[in-house]
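Biologist: I have this model open on my screen, and I would like to get to know one part of it properly. Could you pick a single piece and take me through what it packs against, what it buries and where its charged side chains go?

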Amino acid sequence: VSSAVSLQSHADPGGEVQGVAANARLAMSGGSTYLLAHLNPSTPADLADAIRSFATGLQDISINALAGVANSDPAQAERLRSAEATNTKIAELCK
């Protein structure tokens with residue numbers, strides 16, 4: 001977290017690419033917080049577990065991205081794949 005804060009607070013304001021990346025990271029971070037804060041206690045256990053897993057995955061992806069870890073990094077790429085798979089599972093559970 002310290003690396004992420006330092007990197008972002010000293011980042012070159014740059015062009016549009018930086019803004020798009022920042023918004024994506026904000027969406028992941030804010031979205032994960034929103035999911036966890038609004039998870040209803042009556043949510044079926046399998047769906048609640050998947051939502052928690054997805055939210056935690058988004059947090060991991062966003063903090064690593066903020067710390068400068070590229071999507072091509074093997075661990076980050078796996079986090080992205082896992083989040084996509086979990087997102088798909090959530091969609092299936094909600095049908």
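Modeller: Happy to! Let's start with a packed pair: helices α3 and α4 pack at an angle of about 150°, with their axes 9 Å apart. That angle makes α3 roughly antiparallel to α4. Here, angles under 35 degrees count as roughly parallel, over 145 as roughly antiparallel, 65 to 115 as roughly perpendicular, and the rest as oblique. The axes are lines fitted to C-alpha atoms, for helices over the stretch in contact, and angles run from 0 to 180 degrees between N-to-C directions. α3 passes α4 in a left-handed crossing, meaning that the near helix is turned anticlockwise from the far one by less than a right angle (clockwise would be right-handed).

Before going further, a word on what you are looking at. This is a predicted model, in which local features need pLDDT of at least 70 and side-chain atom pairs count only at pLDDT 80 or more, while totals for chains, interfaces and linings use all residues. Residues are numbered from 1 along each chain as its sequence is written, and side-chain values use heavy atoms, with hydrogens and water left out.

Now to α3 itself. It covers residues 45-66, 22 residues in total, and reaches 31 Å from its first C-alpha to its last, close to the 32 Å expected. The expected span is 1.5 Å times one less than the number of residues. Helices here are DSSP runs (H or I, at least four residues; strands are E, at least two), numbered from the N terminus. After α3 comes Gly68, with a positive phi near 95°.

On the α3 side of the contact with α4 (heavy atoms within 4.5 Å), you will find Leu47, Ala50, Ile51, Phe54, Ile61 and Ala65 among the participants. Their partners in α4 include Leu80, Ala83, Ile90 and Leu93. Those six α3 residues are also among its buried ones, where buried means under 20% relative accessible area, exposed over 50% and partly exposed in between (1.4 Å probe, protein chains only).

Ser62 is another buried residue of α3, with a relative accessibility of 4%. Leaving aside residues up to four places away in sequence, Ser62 touches Arg25, Met28 and Ser29. Ala24 sits in helix α2 (residues 16-37); Ala24 and Ser62 are 38 residues apart in sequence, yet 8.3 Å apart in space, C-alpha to C-alpha. Ala24 itself is partly exposed, at 38%.

For the charges, side chains of opposite charge can pair when their charged atoms come close. The rule used for a salt bridge is a side-chain nitrogen of Lys or Arg within 4 Å of a carboxyl oxygen of Asp or Glu, and it gives three of them. One belongs to α3: Asp49 pairs with Arg52, their closest N and O atoms 3.3 Å apart. Because they are three residues apart in α3, about one helical turn separates them. Both are partly exposed, Asp49 at 48% and Arg52 at 40%.

In the partner helix α4 (residues 74-93), Glu78 and Arg81 are likewise three residues apart, about one turn, and they form a salt bridge at 3.2 Å. Glu78 is partly exposed at 41%, whereas Arg81 is exposed at 51%. The remaining bridge joins Glu92 and Lys95 at 3.1 Å, N to O; Glu92 is partly exposed at 46%, and Lys95 is exposed at 75%.
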